[in-house]
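Below are some notes on the model, set out point by point for checking against the coordinates. They begin with one ion pair and move on to the rest of the chain.

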Amino acid sequence: MTYLYRLLASSSLTKFLLLLPIAGFFIYFFTLRYNIPWFDDYENIPYFLNRFLQAPSFSEKMAALFRPNNEHRVVYARLVVLVQYFLTGGINFGNLMLWGNAGLVLMICLLYFALSKRENNSQNARIGLLAAPLLLFTAQTYIMTFTAIFSLQYLTIITLVMLTLFVLATNRPLMLALALALGLLSTFSMGNGLLLWPSGAAMLLIQRRWSALGIWIVVGALGGYLYFLGYPVQQGNAQGFSYILQHPFQTIAGFLIFAGSPFDLFPTLPEKHRYYLPFLAGLILVTGLGYWFFKILFRSRKNTLFFETFVFGCLLFLLVNIGLIAFFRIRFYFGMVIHIPYRIYALALWAVASLVLFDQLSTRLRPKIWPAVWLLFVLVNVISYYTYVPEAIERRKHMQGQVFNQRESHIGLGGTRNSNLGDYIDSLTMLMAKKDWYHLPDPAITPDEHKVKAPVSTTTATTTLAIRRQGDYIIATSNEPDYKVGLNTATYLIMKSDSLVYLLFAAPKRPLTINPWRIEPGFSTPMPIYIMQTGRYRLGLLRTYPDHTDIQFGNQWVDVP
C-alpha cells in the first residue's frame with residue numbers, strides 16, 4: 001500500500017485519476033441524455049414559463065416564480081428555465097439536465113478548496129480528494145441525472161447549500177452578507193433548503209461567532225416565515241412522528257440503510273436482498289461520524305479551522321436530510337431508503353466523509369490506509385457503472401416508448417387515462433408545440449415506428465407471450481432465450497386496437513435470488529391498464545436493431561378493462 005500511495009502522490013497521475021471519473025461521467029451523460037420531459041417537469045417548466053410570460057404585472061410574475069410545487073418552492077430551477085428561454089427562445093430538457101448535473105463540478109471544486117486550506121498543500125489536497133469524484137460522478141443517480149427538475153432540485157440544493165456554507169465559514173462581514181443572500185436563495189429553491197439555517201447556526205456556534213449567529217438566526221427565521229407564507233400543502237408530519245414511535249427500530253434501520261445506500265450495488269436484485277450491505281455501510285459511517293462530531297462539538301476552545309467548520313456544516317445538513325427522508329417517507333414505503341432520485345444525498349455524504357477520513361489520518365497512516373480506501377471506492381464506482389448503466393439504458397427505452405404513446409394516444413408522460421392530470425400534461429405538451437418552445441421527439445424510437453399504425457394485413461409466428469393480470473397491471477412475459485437490450489437494440493410490446501396503438505418497453509427479467517447473475521431468459525412487460533384506453537388489443541413486437549427494425553404481429557389479444 002505504501003508503494004501505491006507513492007504512485008498516487010505523483011502529481012500528474014493524481015490529476016489524471018481525479019479527472020477520469022468526471023470525464024467518464026459526462027461521456028455516459030451525453031451518450032444517454034434525452035430531451036424528454038417527465039411528470040414533475042411539466043408544472044415547474046412549461047406551466048411556470050407560460051404563467052410567467054402571460055402574467056400582466058410584475059407582482060403576478062413573482063407569484064408565478066415563488067408558487068409552491070407540492071411542498072417545495074423551486075425558484076432556482078425556474079430562474080434557470082427563464083434564462084434558457086430568453087437565450088434560446090425555447091425549452092430543451094436535455095440542456096436543463098446538463099446544467100443541473102454541472103453542479104457536481106462545483107461541488108467537487110468546493111471540497112478541493114476546503115481541503116487545500118486545511119493541508120496548505122495543493123498536492124496533498126488532490127490526494128485526499130481522490131475518493132470524492134468516484135462517489136459523486138456515478139451511474140447510481142440515473143433517474144435524477146436524466147430528469148430535468150430532479151437535477152435542478154435534489155442535486156442543486158446540495159450544491160447551493162455547500163456553496164453557502166463555504167462562504168459562511170469565512171469569518172468576514174462581507175462573506176456573511178453573501179452567505180445570507182445565498183441562504184435565502186437556497187431556502188426558496190427547495191423545502192430541504194430550510195435545513196441550511198440550523199446547519200449554519202451550528203457552524204457559527206463552534207466558531208463562537210456570536211453576533212453573526214444572532215444575525216443568521218434572525219434572517220433564517222424570516223426566510224422560514226416567508227417560505228411558509230401562503231403555503232397550501234400539509235405533509236401529515238404528525239402521522240410521521242406517530243409512525244416513528246410505533247416502529248423505532250425499523251426507522252433507525254431505514255436511516256442507516258439510506259446513509260449506506262451507495263453500497264446498493266445490484267439494483268436488479270429483489271428489494272429485500274438489497275438492504276444488507278447498505279445497512280452495514282451506514283452503521284460504520286454513522287458510527288465514525290458520530291465520534292468525529294463528538295470531538296468537534298465538545299472542544300473547549302472555538303474552532304478556527306475553516307475545513308472542519310465547513311465539512312461540519314455540510315455533514316450535518318446531509319445527515320439531517322437523510323434522517324428526515326428516512327423518518328417521514330418510509331411510512332409510505334420502506335423501499336424509499338434506496339430510492340434512486342434521493343441517492344445523491346447519501347453519495348454526497350460519503351464524499352464529504354472521505355475528506356474527513358483523510359484529514360484524520362496521520363502522515364504515518366495515510367500511506368497504509370488511504371490507497372485501500374481509494375481502491376474500495378474505485379470498486380464501488382466500477383461496479384455501479386456495470387450494474388446501473390443497463391438500468392439507465394432501460395429507462396431511456398421506456399421514456400422513448402412513452403413519448404410515442406403521448407404523441408399518438410395523448411397519454412404516457414404522466415397521469416392516467418381520462419384524468420385531470422393526464423389532460424393537464426397533454427395540454428401542456430400541445431402548448432409547448434403550439435408556441436414552438438419544444439416538440440416531442442419524432443421519431444421517438446426508430447424511423448420505422450410509424451408502421452405500427454398501419455392495418456395488420458399479415459401475422460407471423462412470434463414469441464409466445466404469457467399474459468396475466470396483477471392488480472392494476474396486465475403483465476406479458478416471454479421466455480425468449482438470449483434476450484438482450486443494448487443502446488440501439490430493444491424490443492417493445494405493441495398493443496394495437498382499431499383506433500389506438502401503444503408501445504411498451506420489454507424489460508429483461510430480474511433475478512429471483514440473491515445471485516445478481518442468475519436471471520431467467522426473456523422479458524417481462526407490465527402494462528398499466530390506467531394509461532391505456534379500454535378496448536381489445538392485438539399484441540405484437542417491435543424489435544429495433546442498429547441497422548433495421550422488425551415488426552411482428554401474432555394472434556394474441558388482450559382486453560383492457
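1. Arg299 and Glu308 are joined through their side chains in a salt bridge, with N to O at 2.7 Å. The model is a predicted one, and the distance is to be read as computed from it. The two partners fall in separate accessibility classes: Glu308 has a relative accessible area of 3%, under the 20% limit, and so is buried. Arg299, at 25%, is partly exposed.

2. Over the whole structure, the search gives 16 salt bridges. Another of these pairs is Glu408 with Lys453, where the closest N and O atoms are 3.4 Å apart. This pair connects distant parts of the chain, since Glu408 belongs to helix α20 and Lys453 to the loop between α21 and β1, 45 residues apart. Glu408 is partly exposed at 26% relative accessible area, and Lys453 is partly exposed at 40%.

3. Asp559 and Arg536 also meet through their side chains in a salt bridge, at 3.1 Å from N to O. Here the link runs between two strands: Asp559 sits in β8 (residues 549-560) and Arg536 in β7 (residues 535-544), with their positions 23 residues apart in the chain. Asp559 has a relative accessibility of 47%, which lies between the 20% and 50% limits, so Asp559 counts as partly exposed. Arg536 is likewise partly exposed, at 46%.

4. Which residues make up the salt-bridge network? The members are Arg407, Glu408, Asp442, Glu449 and Lys453. Asp442 is found in the loop between α21 and β1, and is exposed, with a relative accessible area of 59%. Leaving out residues up to four places away in sequence, Asp442 has contacts with Arg407 and Glu449. The C-alpha atoms of Asp442 and Ser457 are separated by 25 Å, although these residues are 15 places apart along the chain.

5. The backbone deserves a look at the same loop. The peptide bond from Asp442 to Pro443 is cis, with omega near 10 degrees. Pro443 is placed in the loop between α21 (420-434) and β1 (466-470). As background, most peptide bonds are trans, and most residues other than glycine have a negative phi.

6. Two residues other than glycine should be checked for their phi values. Phi is positive at His410, near 65 degrees, and at Asn418, near 55 degrees. His410 is in the loop between α20 (366-409) and α21, and the loop between α20 and α21 is also where Asn418 is placed. How accessible is His410? Its relative accessible area is 42%, and His410 is therefore partly exposed. Asn418 is exposed, at 63%.

7. The domain assignment splits the protein into domain 1 (3-229 + 238-395) and domain 2 (445-560). Their C-alpha centres are 38 Å apart. Domain 1 puts 11 residues into the contact and domain 2 puts in 14 residues.

8. The largest nonpolar core has 192 residues, and the members that touch the most others are Tyr28, Leu111, Phe310, Tyr345 and Met495. Helix α11 (residues 148-168) makes the greatest contribution, with 15 residues. Why does this core lie between domain 1 and domain 2? Both domains give residues to the core, so the core lies between them.

9. Phe310 gives a view of the packing around one core member. Apart from residues up to four places away in sequence, Phe310 touches Leu110, Leu111, Ala114, Met162, Leu165, Phe166, Ala169 and Met203. Leu111 is thus a contact of Phe310 and is itself listed with Phe310 among the residues that touch the most other core members.

10. On the surface, Leu222, Tyr225, Leu226 and Leu229 make up a nonpolar patch, and together they have about 410 Å² of accessible area. Leu229 is located in the loop between α14 (210-228) and α15 (237-246). With a relative accessibility of 48%, Leu229 is partly exposed.

Conventions. Residues numbered from 1 in each chain as written. Predicted model: local features only at pLDDT ≥ 70, side-chain atom pairs only at ≥ 80, totals over all residues. Heavy atoms only, no water. Core = buried A, V, L, I, M, F, W, Y, C linked by side-chain atoms within 4.5 Å. Buried < 20%, exposed > 50% of the residue type's maximum accessible area, 1.4 Å probe, protein only. Helix = DSSP H or I, 4+ residues; strand = E, 2+ residues; numbered from the N terminus. Domains from an automatic or database assignment. Contact = heavy atoms within 4.5 Å. Patch = residues over 30% accessible without salt bridge, like charges linked within 9 Å, V, L, I, M, F, W, Y side chains within 5 Å. Areas by Shrake-Rupley, 256 points an atom, 1.4 Å probe, with all protein chains shown as cover. Salt bridge = Lys/Arg side-chain N within 4 Å of Asp/Glu carboxyl O.
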